[in-house]
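Got a minute to go over some helix packing? Here is the model to look at.

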Amino acid sequence: MATVTRRCQNAPQCKIRFRISSQSRRVYCETCRPPRSKAGAVSSVPGSSGPSEPGPVEARALLDLAAFDRQDTVPGLIVLSVARDIDSGRVKPEQKAQAGQRMLALLAVALAGTTPARSADRLDEVTARREAKAAAAS
Ligand SMILES: [Zn+2]
């Protein structure tokens with residue numbers, strides 16, 4: 001395979017030359033190469049699966065769980081998993097209501113025994129509504 005020597009584009013800070021396949025379009029050395037991680041995934045295809053920033057439902061559920069340190073419990077983790085499915089669009093629209101209800105029921109389980117200590121009023125209202133929905137779903 002033909003190889004070429006390229007000079008890292010991150011000049012003048014980086015003076016590294018690297019040897020690379022002539023087919024490759026890489027212009028940075030191993031050190032300067034931008035990470036192929038979250039930033040790229042988010043900017044590419046919205047709603048695609050794979051690791052990315054949490055969607056609105058997951059973010060909110062995580063806040064609720066984290067307020068009581070329940071995010072690492074089994075029901076808490078299931079809640080986040082379902083929330084992620086809802087956010088990602090993996091749950092079909094016609095299944096969303098059901099998935100949401102299941103999630104809220106699990107959230108009630110995850111938060112069982114906790115007493116709203118912070119931002120009491122709003123959280124009280126949310127918890128009451130959540131418990132009512134959970135009761136209706138069971
Ligand atoms: Zn470099």
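What follows is a short back-and-forth on confidence, burial and packing.

This is a predicted model, where local features need pLDDT of at least 70, side-chain atom pairs count only at pLDDT 80 or more, and totals for chains, interfaces and linings use all residues. Residues are numbered from 1 along each chain as its sequence is written.

Q: What is the mean pLDDT of the chain?
A: pLDDT is the predictor's confidence in each residue, from 0 to 100. The mean is 82, and 80% of the residues reach 70 or more. Over residues 38–45, though, the pLDDT is below 50. Where pLDDT is low, the predicted coordinates should not be read in detail.

Q: What makes a residue of helix α2 buried or exposed?
A: Buried takes 20 or more other C-beta atoms within 10 Å of the residue's own, exposed 12 or fewer, and partly exposed is in between, with C-beta atoms placed from the backbone. In α2 (residues 56–66, a DSSP run of H or I, at least four residues), V57, E58, A61, D64 and L65 count as buried. They line one face, because seen down the axis of α2 they fall within an arc of 125 degrees, taken from the directions from the helix axis to the C-beta atoms. P56, L63 and A66, on the other side of α2, are exposed.

Q: Why are α2 and α3 called roughly antiparallel?
A: Their packing angle is about 160 degrees, with the axes 7 Å apart. Angles over 145 degrees count as roughly antiparallel (under 35 is roughly parallel, 65 to 115 roughly perpendicular, the rest oblique), so α2 and α3 are roughly antiparallel to each other.

Conventions: Contact = placed C-beta atoms within 7 Å. Helix = DSSP H or I, 4+ residues; strand = E, 2+ residues; numbered from the N terminus. Axes fitted to C-alpha atoms, helices over the stretch in contact; angles between N-to-C directions.
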